[in-house]
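Here's a quick briefing to read alongside the model. Take a look at the structure first, and then we'll go through it piece by piece.

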Amino acid sequence: MALKGKRMIFADSCVGKVQERAANEAGILPGSLVKDAATGFDQSTDAAAVFGAPTLIADYNFLQAGSVDDAYALGDQVYARVLGKDEYANVLVASGQKITTLNTPLTRNGDGSLKIAATDGSEAILCYANEIINTGASAQLVSVRGE
């Protein structure tokens, strides 16, 4: 996943917006979308047509010297932030996505990753690709700008 030397999730240094909750499931990857649940964070299963939900992205476990490749285990403290307008992050984009132009709109894929969004208003646009990339056979971290 750490393709092209990506070693961080959020590209700015503001840590004041970090939320910390327990992982309700094992396998939450840094850069994936998470959602707040009663007892902690779940990996987001929201579909592309869900409008208004915050874009909450799991950061890497910087307090335990983790990396962008280390998934959270069940019960681990997950660190997550909302991606704000014009903020930059490296976010997990699903396999098979061919991003051929900068500012390609991205939306939820239903599994914690993002996919290329339809632009007809039927899907919530969460962010825009900040690089040209083909994710190929596996999900990849892609540089994005918040909506």
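Let's begin with a loop residue: Asn103 comes out as partly exposed, because its relative accessible area is 44%, between the 20% and 50% cut-offs. Keep in mind that this is a predicted model. Below you'll find the rest of Asn103, then the overall picture, then a handful of other loop residues.

**Two residues with positive phi**
- Asn103 sits in the loop that runs between β7 (98-99) and β8 (105-108).
- Its phi is positive, at about 65°, although Asn103 is not a glycine.
- Asp86 is another non-glycine with a positive phi, in this case about 60°.
- You'll find Asp86 in the loop between β5 and β6, and with 45% relative accessibility it is partly exposed.

**The chain as a whole**
- The protein chain has 12 strands and 0 helices, so reading along the sequence you just get β-β-β-β-β-β-β-β-β-β-β-β.
- Does the radius of gyration agree or disagree with a compact globule? It agrees: the chain has 14 Å, and a compact globule of 147 residues would have a value near 15 Å.
- Along the principal axes, the C-alpha atoms fill a box of roughly 40 × 30 × 30 Å.
- Of the 147 residues, 44% are buried.
- If you take the contacts with a separation of 6 or more, 61% of them join residues 24 or more positions apart.
- The accessible surface adds up to about 6,800 Å², and carbon and sulfur atoms account for 52% of that.
- On the charge side, there are 17 negative and 12 positive side chains, with the centres of the two sets 6 Å apart.

**Thr135, a buried loop residue**
- Thr135 is in the loop between β11 (133-134) and β12 (140-146).
- Its relative accessible area is 2%, so Thr135 counts as buried, the cut-off being under 20%.
- What does the side chain of Thr135 reach at 3.1 Å? That would be the backbone nitrogen of Gly96.
- A polar atom of the Thr135 side chain also lies 2.7 Å from the backbone oxygen of Ala94.
- Leaving out residues up to four places away in sequence, Thr135 touches Val93, Ala94, Ser95, Gly96, Gln97, Gln140 and Val142.

**Glu87 and Gly84**
- Glu87 belongs to the loop between β5 and β6 (88-93).
- This residue is buried, with a relative accessible area of 14%.
- A polar atom of the Glu87 side chain is 2.8 Å from the backbone nitrogen of Gly84.

**Leu63**
- Is Leu63 buried or exposed? With 55% relative accessibility, Leu63 is exposed.
- Its place is the loop between β4 (56-58) and β5 (77-82).
- Leu63 and Gly84 are 21 residues apart along the chain, and their C-alpha atoms are separated by 23 Å.

**Asn130**
- Asn130 is in the loop between β10 (127-129) and β11, and its relative accessible area of 34% makes it partly exposed.
- Which residues is Asn130 in contact with, leaving aside neighbours within four places in sequence? They are Tyr88, Leu102, Ser143 and Val144.
- Asn130 and Ser143 are 13 residues apart in sequence, with 5.1 Å between their C-alpha atoms.

Terms used:
Residues numbered from 1 in each chain as written. Predicted model: local features only at pLDDT ≥ 70, side-chain atom pairs only at ≥ 80, totals over all residues. Heavy atoms only, no water. Helix = DSSP H or I, 4+ residues; strand = E, 2+ residues; numbered from the N terminus. Buried < 20%, exposed > 50% of the residue type's maximum accessible area, 1.4 Å probe, protein only. Polar contact = N/O pair within 3.5 Å; in protein donor to acceptor, adjacent residues only side chain to side chain. Contact = heavy atoms within 4.5 Å. Rg over C-alpha atoms; globule rule 2.2 N^0.38 Å. Areas by Shrake-Rupley, 256 points an atom, 1.4 Å probe, with all protein chains shown as cover. Lys, Arg positive; Asp, Glu negative; His and termini not counted. Charge placed at Lys NZ, Arg CZ, Asp CG, Glu CD.
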